[in-house]
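Please read the points below beside the sequence and the model. They go from single residues to the whole chain and back to single residues.

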Amino acid sequence: MNKSIYIGLLFLLFAVQLFIPGQMIYQQEDTLDTGTAYKFKTAPIDPSDPFRGKYIVLNYEMNSFETNEEGWSNYSGKVFVYLKTDAEGFAAVEDVSKTLINTTNEYVIAESRYNYSDTRVYFDLPFDRFYMNENKAYDAEISVRKAQVDTTKICYGLVFVKDGTAVLDNVFIDDTPIQEFVEEFQEGIQ
C-alpha cells in the first residue's frame with residue numbers, strides 16, 4: 001500500500017514539474033499568436049551572460065510619462081503602462097497607473113524607478129534583452145549602434161502584448177530583421 005502511494009506522489013511531482021514550464025511556454029506562445037504587436041524604438045548595448053549567452057540589451061526611448069495624477073515622487077515599484085500607437089506606427093504611452101484600471105487598451109507591467117517629479121513617472125520595460133547567435137551578436141551591436149546614429153534609419157523592437165504579458169519577438173533596422181541585417185553586414189565585409 002505504501003509503495004503505490006509513493007509511486008503516485010512521484011508521478012504527481014513529475015506532472016507538476018512539467019506543467020509549470022509548459023504553462024510558461026504556452027503563455028509566451030499565446031501572446032505571440034494572439035497578442036497585439038507594438039514597435040518600440042530602441043537604444044541598445046551588447047553584454048554577455050555566461051549562462052544564457054550573447055544578447056543585446058535594449059533601452060527604449062519610451063521610458064517616462066507625464067501624468068495628471070500626483071503622488072509619484074519617491075515612488076518605485078510595479079506600474080501599469082497603457083499603450084497606444086502613434087502616428088508613425090510606434091508604441092506610445094496612453095497612461096500610467098499604480099493599479100490596474102478598467103480600459104480596453106493593452107498594457108505592460110513595468111518597473112518604476114525612483115521618481116523625482118510628482119507627476120513624471122520613469123519606468124523600465126520588462127522586455128529589454130534579445131538573445132542572438134554568438135557569431136552574430138557583436139555585429140548586431142555594431143549595426144544597431146550605427147542605425148541609432150544614422151538619422152535616416154529606424155531601429156525598433158517588435159513586441160507582442162496581451163493582458164499584461166509582453167514578448168519581444170524580434171529587433172528590426174528599417175523593417176529588416178536584425179539577423180538578416182547582420183548577414184548582409186557580414187557579407188559586405190568579406
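1. In which helix is Asn-135 found? Asn-135 is found in helix α2, residues 134–149; helices (H or I, at least four residues) and strands (E, at least two) are DSSP runs, numbered from the N terminus. Asn-135 is exposed, at 64% relative accessibility. The terms are set as follows: buried means under 20% relative accessible area, exposed over 50%, and partly exposed in between, with a 1.4 Å probe and protein chains only. The C-alpha atoms of Asn-135 and Ser-112 are separated by 34 Å, with their places 23 residues apart along the chain.

2. On the basis of the note: this is a predicted model, in which local features need pLDDT of at least 70 and side-chain atom pairs count only at pLDDT 80 or more, while totals for chains, interfaces and linings use all residues. Residues are numbered from 1 along each chain as its sequence is written, and side-chain values use heavy atoms, with hydrogens and water left out.

3. Val-144 also has its place in helix α2. With a relative accessible area of 1%, Val-144 is buried, whereas Asn-135 in that helix counts as exposed. Val-144 and Val-161 are 17 residues apart along the chain, and their C-alpha atoms are separated by 23 Å.

4. Overall make-up: the protein has three helices and 12 strands. The radius of gyration is 20 Å, well over the 16 Å that the globule rule gives for 190 residues, so the protein is more spread out than a compact globule. That radius is taken over C-alpha atoms, and the rule is 2.2 Å times the number of residues to the power 0.38. The C-alpha trace spans about 75 × 55 × 30 Å along its principal axes.

5. Surface and contacts: of the 190 residues, 37% are buried. The protein exposes about 11,600 Å², and carbon and sulfur atoms supply 53% of this area, by the Shrake-Rupley method with a 1.4 Å probe; for residues, only the protein chains shown count as cover. Among contacts (heavy atoms within 4.5 Å) between residues at least 6 apart in sequence, 63% join residues at least 24 apart.

6. Charge: there are 16 positive and 30 negative charges, and their mean positions are 5 Å apart. Lys and Arg count as positive and Asp and Glu as negative, with His and the chain ends not counted. Each charge is placed at NZ of Lys, CZ of Arg, CG of Asp or CD of Glu.

7. Thr-67 lies in the loop between β4 (64–66) and β5 (77–85). Is this loop residue buried or exposed? Thr-67 is buried, with a relative accessible area of 6%. Not counting residues up to four places away in sequence, Thr-67 touches Trp-72, Asp-95, Val-96, Thr-119 and Val-121. A polar atom of the Thr-67 side chain lies 3.2 Å from the backbone nitrogen of Glu-69. A polar contact is a pair of N or O atoms within 3.5 Å; within protein, one must be able to donate a hydrogen and the other to accept it, and residues adjacent in sequence count only if both atoms are side-chain atoms.

8. Ser-112 is in strand β7, residues 107–112, and is buried at 4% relative accessibility. A polar atom of its side chain lies 3.1 Å from the backbone oxygen of Tyr-122. Leaving aside neighbours within four places in sequence, the contacts of Ser-112 include Tyr-75, Gly-77, Val-79, Val-121 and Phe-123. Ser-112 and Ser-64 are 48 residues apart along the chain, with their C-alpha atoms separated by 9.1 Å.

9. Lys-84 has its place in strand β5 and is partly exposed, with a relative accessible area of 37%. Beyond four places in sequence, Lys-84 touches Tyr-38, Phe-90, Ala-91, Ala-92, Val-93 and Glu-94. Lys-84 and Gln-148 are 64 residues apart in sequence and 23 Å apart in space, C-alpha to C-alpha.

10. The loop between β11 (165–173) and β12 (176–177) holds Asp-174, and Asp-175 has its place there as well. Most residues other than glycine have a negative phi. Asp-174 has a positive phi of about 50 degrees, and Asp-175 has a positive phi of about 65 degrees. Asp-174 is partly exposed at 33% relative accessibility, while Asp-175 is exposed at 54%.
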